[in-house]
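Colleague: Please pick one single part of this model and take a close look at it. Walk me through its setting, then work outwards.

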Amino acid sequence: MRVTVSRKAHFNAAHRLYRKDWSDEKNESVFDKCNNPYFHGHNYELIVSVTGEIDKETGYVVDMKVLKQIIKEEVEEAFDHKNLNIEVPEFKDLNPTAENISVVIYNKMRPKIDADLDLEITLYETPRNFVTYSGN
């Protein structure tokens, strides 16, 4: 039996969507208000889902205490109350869109999760806008 377990987390962060190789006019046209040169922030909601077989001894797919600690170390400590463009090395040359943030989170967490377990990241940038990434 394969079962999916999930843990919610959140972080607050600022960012600016823009490309250094584009003109100010093109950045404004494509990214609109999200291109604010003074940045803007979001209260991101994160759902980390792990899918796998239920361990016959523990009854767990993954120990949620362990998952909580991985999220804390790899996401919350790295992103919470940070300016993603300036303070998070992964976004030095990567536009911090919700899509890219979800892939970065996945790549930070994947090595910490047993290889026989599937990992899926769902990141809400707003209550109505969200991205899901599972490594595909």
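Modeller: A strand here is a DSSP run of E with at least two residues, and strands are numbered from the N terminus. Keep in mind that this is a predicted model. My pick is His-40, which lies in strand β2.

Start with exposure. His-40 has a relative accessibility of 19%. The residue counts as buried because the cut-off is under 20%.

Next, the side chain. His-40 and His-42 are joined through their side chains by a polar contact of 3.2 Å.

Now the contacts from farther along the chain. Set aside the neighbours within four places in sequence. His-40 then touches Ala-13, Ala-14, His-15, Lys-33 and Cys-34. Ala-13 turns up again in the pairing: its bridge partner in β2 is His-42. So the text has a link to follow here: His-42 shares the polar contact with His-40 and the bridge with Ala-13.

That leads to the strands themselves. β1 covers residues 2–15, and β2 covers residues 40–53. The two run antiparallel, with 14 bridges between them. Another point on this ladder is Ala-9, which stands opposite Leu-46 in β2.

β1 has a second partner. Strand β3, residues 82–83, runs parallel to β1 and is joined to it by 2 bridges. Ala-14, one of the contacts of His-40, stands opposite Asn-83 in β3.

β2 also has a second partner. It pairs with strand β4, residues 118–124, over 7 bridges in the antiparallel sense. One of the pairs here is Thr-51 with Asp-118 in β4.

Step back to the whole sheet. It is open, has 5 strands and follows the order β3-β1-β2-β4-β5, with mixed pairing. β3 and β5 (130–133) are the edge strands, each pairing on one side only. The strand of His-40, β2, sits between β1 and β4 in that order.

Last, a look at empty space. The largest pocket has a volume of about 200 Å³. Its lining comprises Tyr-18, Arg-19, Lys-20, Asn-85, Phe-91, Lys-92, Asp-93, Leu-94, Asn-95 and Pro-96. By class, the lining divides into 4 nonpolar, 2 polar and 4 charged residues.

To recap the chosen part: His-40 is buried, has a polar contact with His-42, and lies in β2, which is bridged to β1 and to β4.

Notes:
Residues are numbered from 1 along each chain as its sequence is written. This is a predicted model: local features need pLDDT of at least 70, side-chain atom pairs count only at pLDDT 80 or more; totals for chains, interfaces and linings use all residues. Side-chain values use heavy atoms; hydrogens and water are left out. Helices (H or I, at least four residues) and strands (E, at least two) are DSSP runs, numbered from the N terminus. Buried means under 20% relative accessible area, exposed over 50%, partly exposed in between (1.4 Å probe, protein chains only). A polar contact is a pair of N or O atoms within 3.5 Å; within protein, one must be able to donate a hydrogen and the other to accept it, and residues adjacent in sequence count only if both atoms are side-chain atoms. Contact means heavy atoms within 4.5 Å. On a 1 Å grid over the protein atoms alone, a cavity is a set of points where a 1.4 Å probe fits but cannot get out, and a pocket is an open set with protein on both sides within 12 Å along at least five of seven lines; lining residues have an atom within 4 Å of a point. Grid points are joined across faces, edges and corners, and a volume is the space filled by probe spheres set on the points. Ala, Val, Leu, Ile, Met, Phe, Trp, Tyr, Cys and Pro count as nonpolar, Asp, Glu, Lys and Arg as charged, and the others, Gly among them, as polar.
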